[in-house]
Amino acid sequence: MIGCWPTEGTPTIARTAYYDHIARQWSRATGYQGGPLKRYALNERILTRIEGIADRDILELGAGNGYFAALLRRRFSGQTPHSLILSDQSQALLDIAHDEFRVADAEYQRIDVQEPLPFADASLDLILATMLLNELPTT
Ligand SMILES: C[S@@+](CC[C@H](N)C(=O)[O-])C[C@H]1O[C@@H](n2cnc3c(N)ncnc32)[C@H](O)[C@@H]1O
């Protein structure tokens, strides 16, 4: 998968390196609610479809700076998931998620969704992925 990094001399770099490169800038721009689209429309639409998190095994793919898990925990405060894993292919974004948007009892794992997921079938109750599929190649 190829992304464009306009300020570098080379016109294209691997997508993983791209998100690692822009991680801090991305997190500053999108902040603790994911930016305006998510703040005013998307977050609430997703949250209202989730019935609860108590005792559930939850995985977020392509979690970026991890802002959504904090909203999720807040919405369902008083409920404790059995497990909550935040993942992304970008280690730099995962580090920001861990260091700046950390949520209680979460695990942080580097996972590339183009590889087989390291979980047994039917071992998860809820998988979240916001604005991730549009990042993936269709062929
Ligand atoms: C548009 S951002 C969305 C981030 C976050 N979900 C949000 O809504 O703010 C796309 C995210 O997908 C991640 N990503 C892109 N390709 C991926 C892949 N193959 N596997 C896992 N994560 C990927 C990027 O590192 C980035 O964090």
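The shell around the ligand in this predicted model divides into eight nonpolar, eight polar and four charged residues. Of the 20 residues around the ligand, those that come nearest are Y19, G62, G64, Q89 and S90. Among the elements of the chain, helix α1 (residues 15-30) gives the most to this shell, with three residues.

**The order of the chain**

The chain has four helices and six strands. Read from the N terminus on, its elements follow the order β-β-α-α-β-α-β-α-β-β. Of the 139 residues in the chain, 26% are buried.

**The paired strands**

Strand β3 (residues 57-61) has two partners. It runs parallel to strand β4 (residues 83-88), and four bridges join the two. Within this pair, I58 stands opposite L84 in β4, and E60 stands opposite L86 in β4. Between β3 and β4 the chain passes through helix α3 (residues 67-75), and this β-α-β crossover is right-handed. The other partner of β3 is strand β6 (residues 126-129), with which it pairs in the parallel sense over four bridges. Here L61 stands opposite A129 in β6.

Strand β4 also pairs with β5, in the parallel sense and over five bridges. L84, which stands opposite I58 in the pairing with β3, stands opposite A106 in the pairing with β5. Together, β4, α4 and β5 make a right-handed β-α-β unit. The table collects the three pairings.

| Strands | Sense | Bridges | A facing pair |
|---|---|---|---|
| β3 and β4 | parallel | four bridges | E60 and L86 |
| β3 and β6 | parallel | four bridges | L61 and A129 |
| β4 and β5 | parallel | five bridges | L84 and A106 |

In a regular strand, the side chains alternate between the two faces of the sheet. How is β4 placed with respect to the rest of the structure? Five of its six residues are buried, so β4 is largely enclosed by the rest of the structure.

**Helix α2**

Helix α2 (residues 36-49) is hardly covered: one of its 14 residues is buried. From its first C-alpha to its last, α2 reaches 20 Å, which is close to the 20 Å expected at 1.5 Å a residue. The helix nevertheless contains a kink of about 45°, centred on L42. As background for reading any such element, an α-helix has 3.6 residues a turn, so residues three or four places apart point the same way.

**Two residues with positive phi**

D105 is found in the loop between α4 (91-100) and β5 (106-110). Its phi is near 65°, a positive value in a residue other than glycine. Is D105 buried or exposed? A residue is exposed if 12 or fewer other C-beta atoms lie within 10 Å of its own. D105 has 10 C-beta neighbours inside 10 Å, and therefore counts as exposed.

A122 is found in the loop between β5 and β6. Its phi is near 60°, again a positive value in a residue other than glycine. A122 has 7 other C-beta atoms within 10 Å, so this residue is exposed.

Conventions. Residues numbered from 1 in each chain as written. Predicted model: local features only at pLDDT ≥ 70, side-chain atom pairs only at ≥ 80, totals over all residues. Near = placed C-beta within 6 Å. Nonpolar A, V, L, I, M, F, W, Y, C, P; charged D, E, K, R; others polar. Expected span 1.5 Å × (residues − 1). Bend = angle between axes of the 7 residues up to and from the residue. Buried ≥ 20, exposed ≤ 12 C-beta atoms within 10 Å, placed from the backbone. Pairing = 2+ DSSP bridges. Right-handed = clockwise from strand over helix to strand, strands pointing away.
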